[in-house]
Amino acid sequence: MVGRDSMVAPGIRFVAVARQWDRVLLASHRHDTAGRSLQDQQDLIHKVLNSERATQNHPRLTVTDREHGSLHYDSDREYFYVAITEPEYSQRIAFKCLSELRERFIGSYGEEAQKAAADGLTKAARSLLADVCERFEDPGAFDRVLSCTKEVDEVRGILHGTVNSMLSNADNLEVLEDKAEEMRHRGEVFQKRARGVASDMRWRNRKLNCAGCCLTLFVIMLMIAPFVVEYWPELYRCVTARGCDFSRSNSTDSAELGGLDEAPNCTNLSLANLSLAELAAWNASAASVANGSWLGANLSAVAAWCNLSANATALSAELEGFIFNLFELLPG
């Protein structure tokens, strides 16, 4: 039960009792001291009760005013019982309040009220009117149906909040699912791109290896080409004459020197181990021989050919070493 000094605005603002035949207010009580003034509330009651059409056609009526609130009145053959409440106050509880007011007022001041003057019972009935107002101050605490209705409304509000929260969570879950699907799709795209990049890199390495091999062969050809071009006749005679068999170890005599038209075998001559200077000295000493001119010319050719063979053998060994080192440095 809410007291008069509560911070919540009272549900009942004003109660009064008026005589039927002369419309005089016998007793009144202003329960809401913070609301409209007493004179304004009394003027509103006089305005409604003095309406013959309303009171004759409607013994029980509720009139709603924007400024004053809801005015409820109930009547019998002798008196009007009036209550002004909040606009949201239950009409059923208001008429129950007026019913209790009628019973208690008739039981206490029934005979005296017939002869009382205007406001003659206000002071005497103040405690009774205040008690009725306090009892019906909170309609939810007084009426179980209204209390249950309020509880249902509260539960309904909680359920609405819960449903709204669930819907919001469902929306959030949908957003998360969409984001997860998008991330999965991006992951698949990234995986495909990674595979493509790996394949491209493998092909690139293979192309680089092939290019390196081709470049190596080209460099080798460039290195060999001048030698082949310069000494091609000698190489051709070496291949077509005796097969350039340098492993033969026949004895050296002047008879074999007669066939110098063919490619000489440097290993059959002791001249193979001589330098060009020694060969030249040997050629000069051989010029005193009867056929020295012919023999000296042929000995010079033999010395040049043996020197060419030795240089070719050294160059071939160096090329083999270079190619071996180059293939070890190539990737893959």
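# Exercises on a predicted chain

Of the 332 residues in the chain, buried residues make up 30%. The model is predicted. Work through the exercises with the structure in view.

## Exercise 1: The overall layout

Find how many helices and strands the chain has, and state the order in which they follow.

Solution. Start with the count. The chain holds nine helices and five strands. Next, read along the sequence. The pattern is β-β-α-α-β-β-β-α-α-α-α-α-α-α. Then turn to contacts between residues at least 6 apart in sequence. Of these, 58% join residues at least 24 apart.

## Exercise 2: Two helices side by side

Determine how helix H3 and helix H4 run relative to each other, and which residues meet.

Solution. Locate the helices first. H3 covers residues 91-109 and H4 covers residues 126-135. Their axes come within 10 Å and cross at roughly 160 degrees. Angles over 145 degrees count as roughly antiparallel, so H3 is roughly antiparallel to H4. The crossing of H3 past H4 is right-handed.

Now list the contact. H3 supplies Cys97, Glu100, Leu101, Arg104, Phe105, Ser108 and Tyr109. H4 supplies Leu128, Leu129, Asp131, Val132 and Arg135. Sort them by class. The contact of H3 with H4 has seven nonpolar, one polar and four charged residues.

Last, look at what is buried in H4. Its buried residues are Leu128, Leu129, Ala130, Val132 and Cys133. The cover over these buried residues includes E1, E2 and H3.

## Exercise 3: A cluster of rings

Find how many aromatic pairs the structure holds, and classify the pairs that phenylalanine 105 makes with tyrosine 79 and tyrosine 109.

Solution. The structure holds four aromatic pairs. Two values are needed for each pair. A pair of aromatic rings is described by the distance of the centres and the angle of the planes.

Take tyrosine 79 and phenylalanine 105. Their ring centres are 6.0 Å apart and their planes stand at 80 degrees. Plane angles over 60 degrees count as edge-to-face, so this pair is edge-to-face. Check where the partners sit. Tyrosine 79 is in strand E5 (residues 79-85), while phenylalanine 105 is in helix H3. They are 26 residues apart, and the pair links distant parts of the chain. Both tyrosine 79 and phenylalanine 105 are buried.

Now take phenylalanine 105 and tyrosine 109. Here the ring centres are 5.6 Å apart and the planes are at 45 degrees, so the pair is tilted. Both residues lie in helix H3, four residues apart, about one turn of the helix. Tyrosine 109 is buried, as is phenylalanine 105.

Put the rings together. Ring pairs link Tyr79, Tyr81, Phe105 and Tyr109 into a cluster.

## Exercise 4: Isoleucine 45 and serine 70

Decide whether isoleucine 45 and serine 70 are buried or exposed, and name what each contacts.

Solution. Begin with isoleucine 45, in helix H1 (residues 38-49). Its relative accessible area is 0%. Buried means under 20%, so isoleucine 45 is buried. Set aside residues up to four places away in sequence. Isoleucine 45 then touches Phe14, Ala16, Leu25, Leu71, Val82 and Ile84. Now take one partner, leucine 71. Isoleucine 45 and leucine 71 are 26 residues apart in sequence, and their C-alpha atoms are 8.0 Å apart in space.

Serine 70 comes next, in strand E4 (residues 69-75). Its relative accessible area is 3%, so serine 70 is buried. Leave out neighbours within four places in sequence. The contacts of serine 70 are then Thr62, Val63, Thr64, Ala83, Ile84, Thr85, Glu86 and Pro87.

## Exercise 5: Positive phi

State where arginine 23 and aspartate 119 are found, and what their phi values are near.

Solution. Recall the background first. Most residues other than glycine have a negative phi.

Place arginine 23. It is in the loop between strand E1 (12-19) and strand E2 (25-30). Its phi is near 60 degrees, a positive value in a residue other than glycine. Arginine 23 has a relative accessible area of 13%, so it is buried.

Place aspartate 119. It is in the loop between H3 and H4. The phi of aspartate 119 is also positive, near 60 degrees. With a relative accessible area of 39%, aspartate 119 is partly exposed.

Technical notes:
Residues numbered from 1 in each chain as written. Predicted model: local features only at pLDDT ≥ 70, side-chain atom pairs only at ≥ 80, totals over all residues. Heavy atoms only, no water. Axes fitted to C-alpha atoms, helices over the stretch in contact; angles between N-to-C directions. Parallel < 35°, antiparallel > 145°, perpendicular 65-115°, else oblique. Left-handed = near helix turned anticlockwise from the far one by under 90°. Contact = heavy atoms within 4.5 Å. Nonpolar A, V, L, I, M, F, W, Y, C, P; charged D, E, K, R; others polar. Phe/Tyr/Trp six-rings, centres within 6.5 Å; stacked < 30°, edge-to-face > 60°. Buried < 20%, exposed > 50% of the residue type's maximum accessible area, 1.4 Å probe, protein only.
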